[in-house]
Amino acid sequence: MNICRANWQNTKVTALCKTHFTPDQFEANRADGVEKLKPNAVPTIFCYRKPPMVGEPSNVTNGISPAENMDPIEDEVTTLKNRVKQLHAEIEVLN
């Protein structure tokens, strides 16, 4: 399973943001403009910290950028914050 969390269970209230899905997982050219996942969509994009190498300080990112070294929950929070900013900007345009 791509989630990579011990004892993770899917429930009726489980949700993932769209950043975990590739573009081909969404219905194309919807007349209403809504981004909707295909019924058989599978999340495949996850960002996990790479474990430090033996003897390496834990604050070293192993040659990956800080964005690639983010905790999955931090990744979700960042994505949601960015979406909120985007929605605020869209509301400003409408007012």
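A residue counts as buried when its relative accessible area is under 20%, as exposed when that area is over 50%, and as partly exposed in between. With that in hand, we can walk through this predicted model together. D32 makes a good opening example: its relative accessible area is 48%, so D32 is partly exposed.

Let us start with the overall picture. The protein has 95 residues, and 17% of them count as buried. It contains one helix and zero strands. The helix, α1, covers residues 72-94. The accessible surface comes to about 7900 Å², and carbon and sulfur atoms contribute 58% of that area. Among contacts with a separation of 6 or more, 37% are between residues 24 or more positions apart.

How far can you trust what you see? The mean pLDDT is 75, and 69% of the residues reach 70 or more. Over residues 60-65, however, pLDDT stays under 50, although the model has eight contacts beyond four places in sequence for this stretch. Where pLDDT is low, the predicted coordinates should not be read in detail.

Now look at the segment before α1, where H20 lies. H20 has a relative accessibility of 4%, so it counts as buried. Leaving out residues up to four places away in sequence, H20 touches P43, T44, I45, F46, D75 and E76. Two of these partners, D75 and E76, have numbers that fall in α1 (72-94).

Next in the sequence comes F21, which is buried, as is F26. A pair of aromatic rings is described by the distance of the centres and the angle of the planes. One aromatic pair turns up in a search of the whole structure. It is formed by F21 and F26: the ring centres are 6.3 Å apart and the planes stand at 75°, so the pair is edge-to-face.

Q25 also lies in the segment before α1. Its relative accessibility is 16%, so Q25 counts as buried. Setting aside neighbours within four places in sequence, Q25 is in contact with L37, K38, N40, A41 and V42. With V42 there is also a polar link, as the side chain of Q25 reaches the backbone nitrogen of V42 at 2.7 Å.

A contrast to these buried residues is N29, found in the segment before α1. N29 has 79% relative accessibility and therefore counts as exposed. The backbone of N29 is worth a glance too: phi is near 50°, a positive value in a residue other than glycine.

Finally, turn to the charged residues. Side chains of opposite charge can pair when their charged atoms come close. The whole structure holds four salt bridges. One of them joins K18 and E35, with N and O 2.8 Å apart. This pair links distant parts of the chain, since K18 and E35 both belong to the segment before α1 but are 17 residues apart. K18 is partly exposed at 44% relative accessibility, whereas E35 is exposed at 54%.

Another salt bridge brings us back to D32, whose side chain meets that of R30 at 2.8 Å, N to O. R30 is partly exposed, with a relative accessible area of 27%. A further salt bridge is formed by R83 and E90, whose closest N and O atoms are 3.9 Å apart. R83 is partly exposed at 37% relative accessibility, and E90 is partly exposed with a relative accessible area of 37%. Elsewhere, salt bridges that share partners join E27, R30 and D32 into one network.

Definitions and conventions: Residues are numbered from 1 along each chain as its sequence is written. This is a predicted model: local features need pLDDT of at least 70, side-chain atom pairs count only at pLDDT 80 or more; totals for chains, interfaces and linings use all residues. Side-chain values use heavy atoms; hydrogens and water are left out. Rings of Phe, Tyr and Trp (its six-membered ring) pair if their centres lie within 6.5 Å; planes under 30 degrees apart count as stacked, over 60 as edge-to-face and the rest as tilted. Buried means under 20% relative accessible area, exposed over 50%, partly exposed in between (1.4 Å probe, protein chains only). Helices (H or I, at least four residues) and strands (E, at least two) are DSSP runs, numbered from the N terminus. Contact means heavy atoms within 4.5 Å. Accessible areas come from the Shrake-Rupley method with a 1.4 Å probe; for residues, only the protein chains shown count as cover. A polar contact is a pair of N or O atoms within 3.5 Å; within protein, one must be able to donate a hydrogen and the other to accept it, and residues adjacent in sequence count only if both atoms are side-chain atoms. pLDDT is the predictor's confidence in each residue, from 0 to 100.
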